[in-house]
Amino acid sequence: MAKKYFGTDGIRGRANRFPMTGEIAMKVGMAAGLAFKNGSHRHRVVLGKDTRLSGYMIENALVSGFCAAGMDVFLLGPIPTPAVAMLVRSLRADIGVMISASHNPYYDNGIKLFGPDGYKLSDKIEGRIEAMLDKEVELALADNGALGRATRVDGVHDRYIEFAKRTLPRSMSLSGLRIVLDCANGAAYKVAPAVLWELGAEVIAINDEPNGVNINDDCGSTHPLGLAKKVHEVRADIGIALDGDADRVVIVDENGTVIDGDQIMALIAQFWHKAGKLQGGGVVATIMSNLGLERFMHDLKLDLHRVKVGDRYVVERMRADGLNIGGEQSGHVVLSDFTTTGDGLVAALQVLACIKREDRPASEVCKQFEPVPQLLKNVRISGGKPLEAAPVKSAIADAEARLGDKGRLVIRPSGTEPLIRVMAEADDPALVESVVDDVIGAIADSKSAA
C-alpha cells in the first residue's frame, strides 16, 4: 500500500507545506512516541538537526509531540545524521530523530527516524506510525504528571568526534596530508574539521559557515566542482565533500577527479578483502550502481548484491546476509563494523587510511575500476502515472531491446522529489544517450498529452 507521508528516507518535502508542516511534525512526535513506549521507565528521544532555517520550526513541533506522548527529549542541535544513530544507542534512548532533507536545498526539510538499535525504521514500523497520523491520538497521550521534558545536551560533538577517530587504528596518523573539506554549510561544519585536524591532517575547510539558507547551495557532495577548484588552488592531496547531514561523501583526488560512492566501496572492499576483514563475500549496492563495480567485484571473486534505492534497504540486506560494506553511488557508504547507517566522515577516514597505507597519490589509490558509460536524467512530474501510458511502455520496451544483455536500463520515481529518474548504461556511450533521450522524450510527451 502506498504511503502518504513516508518516502525512501523518512518524511520529506517543502518546509511549511504538506507534509513538512509544524502540525504534522507534532503529530509525528506523538505517534512515534506512542509507538516506541514500552515499559514503565522514563522514555527518551534524541533529536538532532542540520542547519536549515526551518529546523527551528520542525524541532519545536516534534518536541511538543514527544513531550505530549510522555517522552523526554534530548536536544542535540546541529549534528550529522550518523551521530544521531550513534547517540540513540550511547544514551540508551528509545528513539532517535534527525531533522534534515539531506542533500536537498534549504527550502526542503525532512524527518528521519531511528529505533533504539540505531537503525532506520522498517516499512512495517513506518506504516504503523503513519496509520496513527490521520487518527485522533489524544486519548492515548500522557497524563499531566507524566508529560515529557526537553533538555539540551552538552558534549555531543565531542562524543561523535571521539567515535569517528576510533574507527581508525590508534597508531594511524593523517600527518602529512593536506585535505580540503567541503562541509556543505551543513550539520558537520564543526565536527568534521575537528576530526581530521585531531588526527594530524592539515585541514582547509570550505562552506563551513551555515546561515540557514546556504546548505548544499552549489557545494557539498552533489556539487563537487568548487571543491575540485580549491584542491587545485591550494595543491591539496585530496578533497572530501559531505552533504547537508553528512551521511554522504564524495572524494576529489589531487587532479580534481571526482571519486563517487561506487569507487569508494570498491576501494574499501578490496583493502578489507586483502586484510581478511570483508564479511559475507561481497558488497551490497543499489540498482543505480555502475556496471563497472559489478565487474570489478566479479574479478575479485566477490559478489555484488543489488537492492532498490535507499540506504536503509542496503542496510537491511547487509544485516540479513552478514555483509559489512554497502552503499550507493551517490556517496552513502555504510560500514557496519562501525555504523548502522551511512556516515560520510567515517567512509572518508577509511579512504584516507588506504592512501596512508599505500603511500601513493589519491589518484592512483582511489580509482579501482573503469566505469561503464552511464547516463542519468530526470523528468519532473506534477502527478499522474506517466509510466503506465502505452507510448511510454513501448519506448521502454524498445530501449531494453536495444541494450540487450550488454547494458542496463533503470527507470524509477524518486522517493524524495517529484521526479522520474531514467538511467542507462552500456559500453557504447552513443547508445546510452540515445536510449535515455528516447525514454525521456516519451515521458515528456505523455505529460503533455495528459
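Contact, as used here, means heavy atoms within 4.5 Å. This is a predicted model, where local features need pLDDT of at least 70, side-chain atom pairs count only at pLDDT 80 or more, and totals for chains, interfaces and linings use all residues. Residues are numbered from 1 along each chain as its sequence is written, and side-chain values use heavy atoms, with hydrogens and water left out.

**Exercise 1.** Work out which residues UniProt lists as "binding site" and why they gather at one spot.

Step 1. The unreviewed UniProt entry gives S102, D243, D245 and D247; such positions follow the numbering used here, feature names are shortened, and annotations may be inferred rather than shown by experiment.

Step 2. They span 146 residues in sequence, yet no two of their C-alpha atoms are more than 7.8 Å apart, so they gather at one spot.

Step 3. From this set, S102 is part of the lining of the largest pocket. (On a 1 Å grid over the protein atoms alone, a pocket is an open set of points where a 1.4 Å probe fits, with protein on both sides within 12 Å along at least five of seven lines; lining residues have an atom within 4 Å of a point.)

**Exercise 2.** Place D245 and describe its surroundings.

Step 1. Look in the loop between β10 (238–242) and β11 (249–253); strands are DSSP runs of E, at least two residues, and helices are runs of H or I, at least four, both numbered from the N terminus.

Step 2. D245 is buried, at a relative accessible area of 0%. (Buried means under 20% relative accessible area, with a 1.4 Å probe and protein chains only.)

Step 3. Skip neighbours within four places in sequence, and D245 has contacts including P80, M98, S102 and K112.

Step 4. Its side chain also makes a polar contact of 2.6 Å with that of T81. (That's a pair of N or O atoms within 3.5 Å; within protein, one must be able to donate a hydrogen and the other to accept it, and residues adjacent in sequence count only if both atoms are side-chain atoms.)

**Exercise 3.** Find where R412 sits and which side chain of opposite charge is nearest.

Step 1. R412 belongs to strand β18 (residues 407–413).

Step 2. R412 is buried without a salt bridge, and the nearest oppositely charged side chain, E328, is 6.3 Å away. A salt bridge needs a side-chain nitrogen of Lys or Arg within 4 Å of a carboxyl oxygen of Asp or Glu; Lys and Arg count as positive, Asp and Glu as negative, while His and the chain ends are not counted.

Step 3. Not counting residues up to four places away in sequence, R412 touches I287, M288, V309, L419, I420 and R421.

Technical notes:
Buried means under 20% relative accessible area, exposed over 50%, partly exposed in between (1.4 Å probe, protein chains only).
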